[in-house]
Amino acid sequence: MQQLLLVLLTLLAIQAFQVKATCRFRGTSYRTNQHWEFEAGSKMFECVCQASGIPQCDWAVTRARPRCIDRTSRISRQLGESWEISRNNRTLDCMCNQNPLSRNYQISCSGKNRCHQNGVSRRKGDSWKYNDITGLIMSCQCFGMEKVTCHATVRKDIPRPTLDAQWVNNYIVYGNVLLRPSLATLQACDNGHKVVSSGHTWNQTRDVTDRQYTIERCVCRDAIIQCDPVTITRRSEPHCLTEDGEVIDVGQSWIKVHQSFANIRWRCVCLSHGERNCRDIGFCPTPTPPTNGAIVCVAAGDAGPGQTIFCKPMCLQNFDFHNRRRYYRVWEVCSHVTSHRWSGGYAEDPLLLAKCTRPRAPLRGGRQSLYLQTDDCSSLTRDQIYNIEQSFIRSLHHRALCGNKCRAISVRCGDRSPIDGPE
């Protein structure tokens, strides 16, 4: 019995010794007689866990591997290794390579094989599709060096943007998202040679005889091409042709009017055979005051095509703007720089710069100058109208937008709709 007890105690002691005989090295546990390797500098160490729990390591000099030190992530990179980094909202491709002049190892990062669109990084050769606000499917491809090409077939049944889509400069505000419209959004046409926007005009020859020839005057209107025949008398004297096919002698002038926007026009003079000189004489159309609100307009500069007009929509008491971005966009502008079009307007009415609707929630605290301190615009006194105009002029002067002078044009009231009860 005593001998059996002695054997059990011996086995327990051996087992306890084996449990203790575990080597810990750099946070890792190794069993007795287990081997491992690690590299430090130019030396390669080969270790084994001894029964005493103390590792025994022997080292040998190894040839240093070519590496680059990535100071951004503090990671050692091997020669030829590639990875991606994000810098200034752009994705760059990096690689560890050798400088052919100094023979040193260095990291080079480049975006030449990348394209970025709508916040997404693409590699050279990548293809993708996306839908614009009209439902048109655009097929795009990345050619590198930030060059992206997108193609789509222009349809003639493209629906117009919804009533809640608002144009702001060259963008469409749809909900809380800013979308840049494609050509189809502008109701473009495909004339067989290229895609042209609405309002674009061109001539194409139909019949030619000895005494006369017939051309077709074509125009793109809302994705529909309309062509009208025009007969031209063949003349040897120097002359010019108007957009309607009318013959104009040298020295005579005519008015050229945009097919889609009557306020965009030019005065053209025939200089020599087929050569003309056209000068901008367009003007800005009068914007529509919002219902349940008013609009104040100020002109900067002398009257004429070079004049700039600023208009600020305002809402009555108990009404707020349909587009919440109006808090950060106080006024709209129209000038020859904007092709005599207003920088913001709704799709169904480009002259309507804002909508004032009954708010569903308590009024949000926006700029006080965007609101009239009355619920009846028609009751404004001359002094109140004068104060509204001068306040707007001071804002423009403060931002150095008035140039030599600014003058108030008008303060106009919109229609009034009844205030509905709470929903």
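Visitor: Which residue in strand 9 stands opposite Ile85?
Guide: This is a predicted model: local features need pLDDT of at least 70, side-chain atom pairs count only at pLDDT 80 or more, and totals for chains, interfaces and linings use all residues. Residues are numbered from 1 along each chain as its sequence is written, and side-chain values use heavy atoms, with hydrogens and water left out. Strands (E, at least two residues) and helices (H or I, at least four) are DSSP runs, numbered from the N terminus. In strand 9, the residue opposite Ile85 is Leu92.

Visitor: Over how many bridges do strand 8 and strand 9 pair?
Guide: Two strands pair if DSSP finds at least two bridges between them. Strand 8 covers residues 82-87 and strand 9 covers residues 90-98. Ser86 has Thr91 in strand 9 as its bridge partner. The two strands run in the antiparallel sense, and their bridges number 6.

Visitor: Which residue in the turn of this hairpin has a positive phi?
Guide: Strand 8 and strand 9 form the hairpin, with 2 residues between them. A phi of about 55° belongs to one turn residue, Asn88.

Visitor: Which strands are the edges of the sheet 8-9-10?
Guide: This open sheet has 3 strands with antiparallel pairing. Its neighbouring strands are turned by 30° against each other on average, direction ignored. Such angles run from 0 to 180 degrees between N-to-C directions, with axes fitted to C-alpha atoms (for helices, over the stretch in contact). Each edge strand pairs on one side only, and the two are strand 8 and strand 10.

Visitor: Why is one side of strand 26 and of strand 28 left without a neighbour in the sheet?
Guide: 3 strands form an open, antiparallel sheet in the order 26-27-28. Strand 26 (253-257) and strand 28 stand at its edges, so one side of each is left free, as each has a single partner strand.

Visitor: What is the bridge partner of Val257 in strand 27?
Guide: Strand 26 and strand 27 pair in the antiparallel sense over 5 bridges. Val257 is part of one such link. Its partner in strand 27 is Arg265.

Visitor: How many disulfides does the structure hold?
Guide: A disulfide is a pair of cysteine sulfur atoms within 2.5 Å. One joins Cys115 to Cys142, with an S to S distance of 2.1 Å. Another joins Cys268 and Cys278, with sulfur atoms 2.0 Å apart. The structure's count is 13.

Visitor: How many residues apart in sequence are the parts tied together by Cys115 and Cys142?
Guide: The torsion about their S-S bond is about 85°, so this disulfide is right-handed. Cys115 lies in strand 11 (residues 114-117) and Cys142 in strand 14 (residues 137-142). The pair therefore ties together parts whose separation, in residues, is 27.

Visitor: Is Cys278 buried, partly exposed or exposed?
Guide: Buried means under 20% relative accessible area, exposed over 50%, and partly exposed in between (1.4 Å probe, protein chains only). Its partner Cys268 counts as buried because its relative accessibility is 0%. Cys278 has 31%, so this residue counts as partly exposed.

Visitor: Is the disulfide of Cys284 and Cys334 right-handed or left-handed?
Guide: Its sulfur atoms lie 2.2 Å apart. Cys284 is in the loop between strand 28 and strand 29 (293-300), and Cys334 is in strand 32 (residues 332-334), so the pair ties together parts 50 residues apart in sequence. Both cysteines are buried. The S-S torsion is about -100°, so the disulfide is left-handed.

Visitor: How many residues are in the largest nonpolar core?
Guide: A nonpolar core is a set of buried Ala, Val, Leu, Ile, Met, Phe, Trp, Tyr and Cys residues joined through side-chain atoms within 4.5 Å. Phe321, Leu372, Ile388, Phe392, Leu396 and Cys406 touch the most other members. Strand 29, strand 30 (308-315), helix 2 (382-398) and strand 35 (406-413) give two or more residues each. The residues of this core number 26.

Visitor: What share of the 423 residues in the chain is buried?
Guide: The chain has 2 helices and 35 strands. Contact means heavy atoms within 4.5 Å, and of the contacts between residues at least 6 apart in sequence, 44% join residues at least 24 apart. The buried share of the residues is 34%.
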